[in-house]
Amino acid sequence: MNKGMVYFVGAGPGDADLITVKGKRALQLADVVIFDRLINPFLLTNVKKDAKLIYCGKQPCKHTLRQEDIQKEILIHARKGKTVVRLKGGDPSVFGRVGEEAELLADHHINYEVIPGITAGIAATMYAGVPITHRKHSNSFAVVTGHGSKKDGTPNIDWANLANGVETIVFYMGVKHIRTITSQLIEHGRDEGTAGLVIQWGTYSRQRTIEGTLATLANQVEQAKVTNPAIIVIGNVVKLRANLAWFDQRPLTGRGIIVPSKSKANREWVQNLKDSGADVFEHEFLTEDPIVNNEALESLKHLSQEHELVLLSSKSVHQFLRAIGKHGIDLREIGASFAAINEEVKETLKMVGIQSRILRKKKTESMILIGGELEIESVRDQYRYSSFMKAFMLSKQKAADKDREAFNRLVDEHHVNILLLTNHSEVVHFLKFVELSGISKEQIMSNLKVICVGRVLASIVEAKKVFVDKCIETQDVSGIIAALEDGVLAKES
Ligand code: SAH
């Protein structure tokens with residue numbers, strides 16, 4: 001019997017780029033992904049389009065999937081021969097229960113592999129400017145759970161040994177009990193002037209830090225209303241932050257930006273935005289499904305010279321030829337003439353032996369647009385005269401579960417606050433995704449600032465009844481960064 005394979009994958013602490021190469025590869029192989037609340041939702045866009053996603057959001061006080069149920073799910077799918085990824089925040093072996101889950105698989109003789117990740121206690125600290133060890137200031141560190149195993153919910157810890165035996169202590173799941181933690185450490189001999197730091201949403205652009213001492217930290221954290229996910233770091237190595245807080249000081253800190261594009265052309269400036277401190281989620285969100293309409297293919301045989309087939313992209317040229325070939329039509333049976341939407345498409349047609357002319361801006365009812373659903377919509381959008389024109393659709397768009405899940409979680413958990421639109425195709429694609437996902441434009445506008453590059457684009461977006469919060473006049477990346485820095489108040493939680 002094929003028993004399947006389970007990968008326990010550490011997703012890293014937050015920043016989506018902090019997953020390992022090996023972990024990302026495993027995600028791409030998965031038939032089933034069982035994921036925790038604390039993973040960066042954007043990682044889900046990386047899975048196969050038909051992968052099954054199972055959320056086991058463990059929110060404090062609100063266990064949506066119990067541990068036994070999670071284990072059951074892993075087992076069920078592995079036994080069906082599936083490749084299962086159990087995606088966990090940070091590292092699977094640090095307060096991640098990988099021990100119990102792997103043990104179960106071992107008992108059932110199911111193959112598994114554990115792919116480590118970067119744990120929050122090491123990554124979030126360094127993002128906050130604190131190296132967990134330092135030759136002069138920290139020769140040892142401990143990771144400790146601050147989550148209660150005692151009846152009153154407080155952690156069951158050997159305080160005397162902890163307070164005096166380790167230089168730097170990192171508490172996970174501890175903000176709720178910060179008063180107990182700090183007072184116990186003081187009571188058991190740690191100097192009340194020892195530096196302390198709380199880091200919330202570490203390694204995300206929205207990372208927040210509160211710095212104080214054992215004596216002050218509990219009050220500060222309560223006042224600032226810091227909630228999970230957050231770690232508490234106790235030890236004088238925290239003081240190095242004064243010089244080393246590299247992450248806090250970047251111009252786009254706090255900006256979570258969606259760029260709904262797959263364009264390679266954007267890649268460099270997207271990296272620039274990331275280097276400037278923003279979280280950038282660059283993804284098209286839509287998936288293309290080829291469609292075959294046999295009737296429409298048949299009707300192509302009956303066209304004559306005055307009909308004109310207008311190819312809308314190079315990709316459509318190839319898709320079209322493949323479709324007619326598969327259907328058993330010889331290109332020479334098609335009596336219509338050919339037109340291309342632009343020079344590039346004309347050239348592609350030429351390379352496959354079809355002479356065409358560039359589409360002229362004159363309306364004619366004998367034209368048939370040939371392309372993907374959105375290419376057709378986009379032409380109808382841009383050339384007002386073509387709204388009535390016939391079309392031959394080669395593919396339809398769909399919003400895959402993975403992309404819907406990723407998008408909704410990014411918005412619901414306030415990882416994003418800006419929607420950045422840089423060209424017409426992004427606008428069309430994104431609004432289609434919104435429509436197919438059943439998300440209202442009002443929802444988008446109330447959660448995200450909509451920012452357009454260029455006035456023309458802004459007016460196209462507004463014509464589609466989406467209010468534009470800001471229009472950036474320049475295409476230049478430093479100009480875009482400056483504009484994002486200036487006056488874009490995050491629509492925060
Ligand atoms: N396996 C994870 C930890 C899971 S326990 C790891 O290795 O990081 C969950 C706790 O981890 C949270 O309550 C919080 O204390 C901490 N944590 C996880 N991600 C965090 C982040 N981005 N910033 C701060 N703390 C985080």
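**Reading the chain: domains, cores and ligand**

The domain assignment divides the chain of this predicted model into domain 1 (5–117), domain 2 (122–249), domain 3 (256–286 + 399–485) and domain 4 (290–396).

Student: What makes these stretches domains?
Tutor: Their bounds come from an automatic or database domain assignment. One of them, domain 3, is written as two stretches, 256–286 and 399–485. The centres of domain 2 and domain 4, taken over C-alpha atoms, are 63 Å apart. The C-alpha trace of the chain spans about 95 × 60 × 40 Å along its principal axes.

Student: How many helices and strands does the chain have?
Tutor: The chain has 18 helices and 23 strands.

Student: Why is Ala-16 called buried?
Tutor: Its relative accessibility is 15%. Buried means under 20%, so Ala-16 counts as buried at that value. Ala-16 lies in the loop between strand S1 (5–10) and helix H1 (21–29).

Student: What does Ala-16 touch, leaving aside its neighbours within four places in sequence?
Tutor: Ala-16 is in contact with Asn-40, Phe-42 and Leu-43, and contact here means heavy atoms within 4.5 Å. As for Val-280, it is 264 residues from Ala-16 in sequence, while the C-alpha atoms of the two are 9.4 Å apart in space.

Student: Is His-424 buried or exposed, and how do you know that?
Tutor: Its relative accessible area is 13%. The cut-off for buried is under 20%, so His-424 is buried. His-424 is found in helix H15, residues 424–436. Setting aside neighbours within four places in sequence, His-424 has contacts with Ser-378, Asp-381, Gln-382, Leu-457 and Ile-460.

Student: How much of the chain is buried?
Tutor: Of its 493 residues, 52% are buried. The chain exposes about 23,300 Å², and carbon and sulfur atoms supply 50% of that area.

Student: What makes a group of residues a nonpolar core?
Tutor: The members must be buried residues of the nonpolar kinds, joined through side-chain atoms within 4.5 Å. In soluble globular proteins, nonpolar side chains tend to be buried together. The largest core here has 50 residues, of which Val-33, Leu-87, Phe-407 and Phe-433 touch the most other members. Helix H15 gives the largest share of this core, six residues.

Student: Why is this core said to lie between two domains?
Tutor: Domain 1 (5–117) and domain 3 (256–286 + 399–485) both give residues to this core, so it lies between them.

Student: Which residues does Phe-433 touch, not counting those up to four places away in sequence?
Tutor: Phe-433 touches Phe-285, Leu-286, Ala-399, Asp-403, Arg-404, Phe-407 and Ile-439. A second, separate core of 31 residues includes Met-367, Ile-376, Met-389 and Leu-394.

Student: Which residues come nearest to the ligand?
Tutor: Of the 18 residues around the ligand, Val-94, Thr-119, Met-173, Gly-202 and Ala-230 come nearest.

Student: What makes a pair of atoms at the ligand a polar contact?
Tutor: The pair must be N or O atoms within 3.5 Å. A ligand nitrogen is 2.8 Å from a polar backbone atom of Gly-202, so that pair is a polar contact. A ligand oxygen lies 2.7 Å from a backbone N or O atom of Ala-230, and an oxygen atom of the ligand is 3.0 Å from a polar backbone atom of Ala-120. Both distances fall within the 3.5 Å limit. Taken alone, the ligand exposes 540 Å², and the protein buries 92% of that.

Terms used:
Residues numbered from 1 in each chain as written. Predicted model: local features only at pLDDT ≥ 70, side-chain atom pairs only at ≥ 80, totals over all residues. Heavy atoms only, no water. Helix = DSSP H or I, 4+ residues; strand = E, 2+ residues; numbered from the N terminus. Buried < 20%, exposed > 50% of the residue type's maximum accessible area, 1.4 Å probe, protein only. Near = heavy atom within 4 Å. Polar contact = N/O pair within 3.5 Å; in protein donor to acceptor, adjacent residues only side chain to side chain. Areas by Shrake-Rupley, 256 points an atom, 1.4 Å probe, with all protein chains shown as cover.
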